Amino acid sequence: MSVALVIAVRGGPLAKSRCAGVLSRRDRQALVAAMLEDMLEAATAVGAVTVITPTLELADLAAHHGARTLLEHQPFGLNAAFAAGRRAQASDTPVLLLPGDLPLIGSEDLEQAVQAIHGGAVVLAPSRADDGTGAIGLPAGVELPLMFGPDSFRRHLAAARAADRPLHIIESGPLGLDIDRPEDLERLLQAGATRSAAVLRRALVPLEATA
Ligand SMILES: Nc1nc2c(ncn2[C@@H]2O[C@H](COP(=O)(O)OP(=O)(O)OP(=O)(O)O)[C@@H](O)[C@H]2O)c(=O)[nH]1
Ligand SMILES: O=C(O)[C@H](O)COP(=O)(O)O
């Protein structure tokens with residue numbers, strides 16, 4: 001059974017609020033859309049993608065890139081979004097759960113996670129910048145309590161160990177590079193030619209021009 005890739009992205013006026021000091025609301029929303037497109041380019045090359053979002057424009061963007069879309073009536077948080085995305089799959093479908101702010105992932109990063117899931121392992125990728133979780137992979141028939149939020153990686157790790165499942169931790173690479181804060185934006189700009197970096201360059205040029 002192929003691994004279903006599930007991307008959860010909220011968007012909307014509160015998107016990336018931690019970058020409000022350096023990006024306008026319009027630019028933050030444009031960045032979220034560009035990050036989603038960058039993720040979809042990698043994910044659709046690896047398998048079937050489901051995008052769950054409360055934002056119609058992001059659902060339309062995802063559908064344009066060939067993803068299945070689930071529209072939330074309103075955002076109830078990342079855990080609820082992933083739970084709904086999981087329920088939308090057949091019960092014996094393995095899944096790779098991806099928050100929608102990982103624009104630097106490539107198909108090779110996802111293939112590594114998919115192979116480990118096919119091998120029966122729970123996949124966990126810690127977020128580099130904080131104690132969060134960048135991605136969770138669940139083999140067919142394996143459930144794990146979803147506890148995205150503060151200190152989430154430690155809690156997901158404990159739950160996976162309690163489930164007595166083989167574990168595959170992806171310590172390095174773009175699955176742990178979520179874009180949340182102004183200091184993350186520099187890393188995005190340095191990473192090269194992505195849609196997200198192009199949006200940032202357009203958004204930040206006025207600041208650089210006046211520097
Ligand atoms: N579909 C969906 N995605 C969500 C929801 N809450 C958070 N996300 C996504 O989960 C990922 C990680 O969440 P955050 O880092 O908090 O993203 P964010 O809320 O845009 O950023 P901040 O405003 O700085 O918290 C982002 O891609 C969010 O868009 C939700 O209720 N529904
Ligand atoms: O672990 C988590 O909750 C996700 O990685 C989101 O964390 P963040 O809000 O720090 O991006």
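This is a short group-meeting talk on one predicted protein model, going from the whole chain down to a handful of residues.

Okay, hi everyone. Before anything else, keep in mind that what you see on the screen is a predicted model.

Let's start with the overall fold. What is the chain built from? The protein chain has seven helices and seven strands. If you walk along the sequence, the order goes β-α-β-α-β-α-β-α-β-β-α-β-α-α. The radius of gyration comes out at 16 Å, close to the 17 Å that the globule rule gives for 211 residues, so the chain is as compact as a globular protein of that length. For those of you setting up boxes, the C-alpha trace spans about 55 × 30 × 30 Å along its principal axes.

Now, burial and contacts. Of the 211 residues, 52% count as buried. The chain exposes about 9500 Å², and carbon and sulfur atoms supply 54% of that. On the contact side, take pairs of residues at least 6 apart in sequence: 63% of those contacts join residues at least 24 apart.

Quick word on charges. There are 19 positive and 24 negative charges in the chain, and the mean positions of the two sets are 4 Å apart.

Right, on to single residues. I'll begin with the helices and go from the N-terminal side.

Q29 is in helix α1, which covers residues 25-43. Buried or exposed, or something in between, for Q29? Its relative accessibility is 32%, so Q29 counts as partly exposed. Once you drop residues up to four places away in sequence, Q29 touches G12 and P13. If you want a distance to check in your viewer, try Q29 to I105: the two are 76 residues apart along the chain, and their C-alpha atoms are separated by 20 Å.

Next, A62, in helix α2, residues 56-64. This one has 0% relative accessibility, so A62 counts as buried; the cut-off for that is under 20%. And what does A62 contact, leaving aside its neighbours within four places in sequence? The answer is L40, V51, A67 and T69. As another distance to check, A62 and I52 are ten residues apart along the chain, with 9.2 Å between their C-alpha atoms.

Jumping ahead to helix α5, we get to A162. Here the relative accessibility is 67%, so A162 counts as exposed. So we have two alanines on the slide: A62 is buried, whereas A162 is exposed. A162 and M39 are 123 residues apart in sequence, and C-alpha to C-alpha they are 31 Å apart in space.

Then helix α6, where E183 lies. E183 has a relative accessibility of 53% and the exposed class starts over 50%, so E183 counts as exposed. The distance to look at here is E183 to L70: 113 residues apart in sequence, 31 Å apart in space between C-alpha atoms.

Now the loops, starting with backbone torsions. Where do we find a positive phi in a residue other than glycine? One place is D151, with phi near 60°. D151 lies in the loop between β6, residues 133-138, and α5, residues 152-162. With a relative accessible area of 25%, D151 is partly exposed.

D164 also has a positive phi without being a glycine, at about 55°. D164 is in the loop between α5 and β7, the strand at 167-169. At 69% relative accessibility, D164 counts as exposed.

Last residue, and one I'd like to spend a moment on: T194. T194 lies in the loop between α6, residues 182-190, and α7, residues 195-210. Why does T194 count as buried? Because its relative accessibility is 19%, and the buried class is anything under 20%. The T194 side chain reaches the backbone nitrogen of A197 at 2.9 Å. Set aside neighbours within four places in sequence, and T194 is in contact with D38, L104 and L188.

So, to recap: a chain with seven helices and seven strands, 52% of its residues buried, and two aspartates with positive phi, D151 and D164. And once more, the model is predicted. That's it from me, thanks.

Conventions. Residues numbered from 1 in each chain as written. Chains lettered and ligands numbered in written order. Predicted model: local features only at pLDDT ≥ 70, side-chain atom pairs only at ≥ 80, totals over all residues. Heavy atoms only, no water. Helix = DSSP H or I, 4+ residues; strand = E, 2+ residues; numbered from the N terminus. Rg over C-alpha atoms; globule rule 2.2 N^0.38 Å. Buried < 20%, exposed > 50% of the residue type's maximum accessible area, 1.4 Å probe, protein only. Contact = heavy atoms within 4.5 Å. Areas by Shrake-Rupley, 256 points an atom, 1.4 Å probe, with all protein chains shown as cover. Lys, Arg positive; Asp, Glu negative; His and termini not counted. Charge placed at Lys NZ, Arg CZ, Asp CG, Glu CD. Polar contact = N/O pair within 3.5 Å; in protein donor to acceptor, adjacent residues only side chain to side chain.
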